[in-house]
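Colleague: I am new to this structure and would like to know how its labels are justified. Could we go through them one at a time?

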Amino acid sequence: MNYINEEYVEKYILSILPESEEYLRKLEEYAKDFHIPIVEKEVAQLLKVLLKIAKPKKILEIGTAIGYSALIMASSTDDICKITTIERRLDMVGLAKKNIDNTKYKDKIKILYGEAEEILPTLDEGFDFIFLDAAKGQYLGFFNKCMDILPAEGVIVSDNVLFKGMVACDKLVVRRKKTIVKRLREYLDYITHLEGYGTCIIPIGDGVALTYKEE
Ligand code: SAH
Ligand code: MG
């Protein structure tokens with residue numbers, strides 16, 4: 001229960017989603033066993049549908065973890081689409097590499113090891129679909145760096161923006177998460193009012209924001 005949706009709604013949505021393929025199911029189990037926060041299945045499904053509509057050629061992900069969402073994205077795009085994903089934990093880079101190398105998508109996905117705030121300014125290519133799924137307190141900084149590499153009509157998807165519902169309701173905020181919640185509120189306020197961009201917030205999973213860059 002994360003106070004974003006009524007439990008019965010979440011349960012129902014999950015119950016009608018198609019089963020994941022075997023290699024993804026294994027990663028879902030691993031993530032559960034080792035408490036690795038991968039995208040919820042309904043968010044994975046949202047990503048898949050968005051990618052089928054947007055048909056990006058170059059995807060950037062911030063926050064690889066074990067490579068689950070990178071593989072979801074790889075499996076929902078055509079062969080010429082390439083994915084670059086950034087991760088600051090070496091153990092995760094190792095796990096993700098192993099998981100990705102085991103699939104037919106290994107040539108589509110490139111992992112960059114390091115802090116996103118340091119790597120982002122060094123990227124000189126454009127990315128028409130960006131998935132933000134890393135340190136929530138830094139989203140605004142990430143977004144500002146991403147604006148330069150996102151072409152017109154590009155999309156930025158930000159995960160976990162409602163952070164267990166805390167972002168939407170003061171009563172839910174636990175003390176040690178106060179700063180992150182404040183930053184996420186500032187982030188959502190910023191991206192929803194930003195000229196030249198359009199944003200909507202979808203209350204599934206842990207909250208997802210979709211941002212579109214106008215022409
Ligand atoms: N996208 C993954 C889950 C990512 S979990 C999936 O859904 O399958 C978030 C990951 O972001 C963690 O592994 C964490 O180490 C990484 N991370 C957090 N802050 C980061 C930063 N500033 N730079 C690079 N990686 C970061
Ligand atoms: Mg997430």
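Modeller: A metal donor here is an N, O or S atom within 2.8 Å of the metal (3.2 Å for Na, K and Ca); water is not among the atoms, so sites may look incomplete. In sequence, the donor residues of the magnesium ion (ligand 2) follow the spacing D-x25-D-N. This is a predicted model, in which local features need pLDDT of at least 70 and side-chain atom pairs count only at pLDDT 80 or more, while totals for chains, interfaces and linings use all residues. Residues are numbered from 1 along each chain as its sequence is written, chains are lettered from A and ligands numbered from 1 in the order in which they are written, and side-chain values use heavy atoms, with hydrogens and water left out.

Colleague: What makes Asp133, Asp159 and Asn160 donors of the magnesium ion (ligand 2)?

Modeller: Asp133 (OD), Asp159 (OD) and Asn160 (OD1) coordinate the ion at 2.0 to 2.2 Å. The limit for this metal is 2.8 Å, so these atoms qualify as donors. Aspartate 133 sits in the loop between strand 4 and helix 7 (139–149), and asparagine 160 in the loop between strand 5 (155–159) and helix 8 (178–193), so the pair ties together parts that are 27 residues apart in sequence. Helices (H or I, at least four residues) and strands (E, at least two) are DSSP runs, numbered from the N terminus. Aspartate 133 and asparagine 160 are both buried.

Colleague: Why does asparagine 5 count as buried?

Modeller: Buried means under 20% relative accessible area, exposed over 50%, and partly exposed in between (1.4 Å probe, protein chains only). Asparagine 5 has 19% relative accessibility, so it counts as buried. This residue is found in the segment before helix 1 (7–16). The side chain of asparagine 5 reaches the backbone oxygen of proline 203 at 2.7 Å.

Colleague: Why is lysine 58 with glutamate 125 called a salt bridge?

Modeller: A salt bridge is a side-chain nitrogen of Lys or Arg within 4 Å of a carboxyl oxygen of Asp or Glu. The closest N and O atoms of lysine 58 and glutamate 125 are 2.3 Å apart, so the pair meets that limit. Lysine 58 lies in strand 1 (residues 58–62) and glutamate 125 in the loop between helix 6 (116–119) and strand 4 (129–132), so the pair ties together parts that are 67 residues apart in sequence. Lysine 58 is partly exposed at 28%, and glutamate 125 is partly exposed at 26%.

Colleague: How many salt bridges are found in the whole structure?

Modeller: The search finds 9. Among them is arginine 25 with glutamate 19, the closest N and O atoms being 2.8 Å apart. Arginine 25, at 30% relative accessibility, counts as partly exposed, whereas glutamate 19, at 63%, counts as exposed. Another is aspartate 101 with lysine 97, at 3.0 Å. Both residues lie in helix 5 (residues 90–101), 4 residues apart, about one turn of the helix. Salt bridges that share partners join Glu19, Glu22, Arg25 and Lys26 into one network.

Colleague: What makes aspartate 133 a polar contact of ligand 1?

Modeller: A polar contact is a pair of N or O atoms within 3.5 Å; within protein, one must be able to donate a hydrogen and the other to accept it, and residues adjacent in sequence count only if both atoms are side-chain atoms. An N or O atom in the side chain of aspartate 133 is 2.8 Å from a nitrogen atom of ligand 1, so the pair qualifies.
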